[in-house]
Amino acid sequence: MPVPATGPHQAGITLPQPAQRNLLAVVADLGATVSVGPLLAELGRAIRALIAGTDPRLSGLPPGDLTVTVGVGPRLVRTAGASLPGAADLPRFSRERIAPRARGGDLLLQICAGDPLLLPVVAAALLDQAGDRLHERWRQSARRGTDVPVGNGLTAPRNPLGFIDGIVGPHTTAEQQRDLWLAGPPAVAGGTLAVLRRMELDLPRFAALSVAEQEAVFGRRRASGVPLSGGAVASGPELGAKTPDGRYLVPVDAHVRRANAAVVGAGLMLRRSYSTDEPAPGLLFISFQNDLRTFTATLTRMDTSDALLPFTTTTASATFLILPGFDRQHPLGSQLFG
């Protein structure tokens with residue numbers, strides 16, 4: 001089913017629901033003398049044509065549920081205002097092995113579709129539109145697992161470790177207004193902040209654990225997603241619950257405890273996680289939030305003692321201001337770059 005390209009928010013974040021199975025993330029830099037506003041406006045027009053199926057560069061492929069989501073990196077945001085959301089770079093964390101070209105970037109093209117054939121075709125069309133004004137840094141193809149019900153009409157996919165991923169998040173309109181969408185300044189209202197982290201996973205070492213040991217790493221049942229403290233899948237874990245002999249039902253280093261928003265003291269992240277094959281088996285983690293601290297404070301707390309992190313190595317990392325929605329009267333990026 002077609003997903004509208006225009007509106008108050010860009011597609012590819014909360015729409016469609018559930019998310020498409022296939023994703024291609026392209027991270028690029030702009031040339032030093034490139035005018036940002038005209039380039040973004042051109043890309044927005046090309047996106048509208050691609051999603052409408054009228055761009056000949058689709059070579060007759062039906063666009064289906066194609067979405068393209070565009071974000072700008074901290075360097076470009078700072079040219080519009082050093083205090084704007086999205087102007088700050090991500091700090092460095094532990095367990096990173098990131099080549100210089102795989103850290104940061106000026107522009108994100110997040111291309112999603114049910115048909116994997118569309119992804120490289122659409123990327124080629126958009127890079128052709130930009131010409132020598134864009135220089136690609138890195139790209140990552142990835143896919144989502146099969147969605148399973150998690151309650152309240154919501155679904156979430158399994159990750160390559162076999163666990164349901166993305167159960168907790170700002171799912172209601174009120175939660176999204178509070179934790180997902182930027183409310184101001186006006187130039188960024190309706191946008192959000194994205195974090196991309198590509199991680200290699202030590203799948204053989206994790207698979208060698210017993211199911212009980214794997215569940216202790218996550219703090220949830222592998223088959224159902226129910227917290228080890230009991231309750232429903234979508235309910236938060238009861239972090240104070242203990243066994244009769246005084247042990248926490250959710251271990252002190254379990255992922256659901258270390259990353260718990262209430263414990264961290266931060267907002268909720270809308271997470272879209274995808275599995276990868278190349279350059280190594282792993283995960284492309286994408287989170288959307290209206291305050292970068294939501295991510296940085298969470299990962300800082302996880303860095304101290306999260307049982308999941310020893311199975312991960314981050315090989316690419318970037319953050320972007322996802323621009324507000326656009327239409328014919330208000331070109332992509334025009335609120336910020338004119």
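Buried residues account for 56% of the 338 residues in the protein. The model is predicted. Its secondary structure comprises 10 helices and 10 strands. The radius of gyration is 20 Å, close to the 20 Å given by the globule rule for 338 residues, so the protein is as compact as a globular protein of that length. Along the principal axes, the C-alpha atoms fill a box of roughly 65 × 45 × 40 Å. Of the contacts between residues at least 6 apart in sequence, 74% join residues at least 24 apart. The exposed area is about 14,100 Å². Carbon and sulfur atoms supply 56% of that area. The protein carries 33 positive and 28 negative charges, and their mean positions lie 2 Å apart.

Two helices were examined in detail. Helix 1 spans residues 36-52 and has 17 residues. From first C-alpha to last it reaches 24 Å, close to the 24 Å expected at 1.5 Å a residue. Of its 17 residues, 13 are buried, so helix 1 is largely enclosed by the rest of the structure. G53 follows helix 1 and has a positive phi, near 80°.

Helix 3 covers residues 118-130, 13 in number. Its span is 18 Å from first C-alpha to last, close to the 18 Å expected at 1.5 Å a residue. The buried residues of helix 3 are L118, L119, V122, A123, A125, L126, L127 and A130. An α-helix has 3.6 residues a turn, so residues three or four places apart point the same way. The buried residues of helix 3 pack against helix 1 and four strands: strand 1 (22-30), strand 2 (67-72), strand 3 and strand 4 (134-143). Just after helix 3, G131 adopts a positive phi of about 60°.

The loops hold several further features. P85 sits in the loop between helix 2 (74-80) and strand 3 (107-113). Its relative accessibility is 19%, so P85 counts as buried under the 20% cut-off. Beyond its neighbours within four places in sequence, P85 contacts V77, L182, G184, P185, V188, L193 and L321. P85 and G191 are 106 residues apart in sequence, yet their C-alpha atoms are 9.7 Å apart. D245 lies in the loop between helix 6 (211-218) and helix 7 (255-258). D245 is exposed, with a relative accessible area of 56%. D245 and F295 are 50 residues apart along the chain, and 35 Å separates their C-alpha atoms.

Backbone geometry was then considered. Most residues other than glycine have a negative phi, and most peptide bonds are trans. A cis peptide bond joins G184 and P185, with omega about -5°. P185, a contact of P85, is in the loop between helix 4 (173-179) and strand 7 (192-201). Another cis peptide bond joins E278 and P279, where omega is about 0°. P279 lies in the loop between strand 8 (270-276) and strand 9 (282-289).

Positive phi values also occur in residues other than glycine, including S59 and R95. For S59, phi is near 55°. S59 is in the loop between helix 1 and strand 2. At 63% relative accessibility, S59 is exposed. For R95, phi is near 55°. The loop between helix 2 and strand 3 contains R95, as well as P85. R95 is partly exposed, at 39% relative accessible area, whereas P85 is buried.

Notes: Residues numbered from 1 in each chain as written. Predicted model: local features only at pLDDT ≥ 70, side-chain atom pairs only at ≥ 80, totals over all residues. Heavy atoms only, no water. Helix = DSSP H or I, 4+ residues; strand = E, 2+ residues; numbered from the N terminus. Rg over C-alpha atoms; globule rule 2.2 N^0.38 Å. Buried < 20%, exposed > 50% of the residue type's maximum accessible area, 1.4 Å probe, protein only. Contact = heavy atoms within 4.5 Å. Areas by Shrake-Rupley, 256 points an atom, 1.4 Å probe, with all protein chains shown as cover. Lys, Arg positive; Asp, Glu negative; His and termini not counted. Charge placed at Lys NZ, Arg CZ, Asp CG, Glu CD. Expected span 1.5 Å × (residues − 1).
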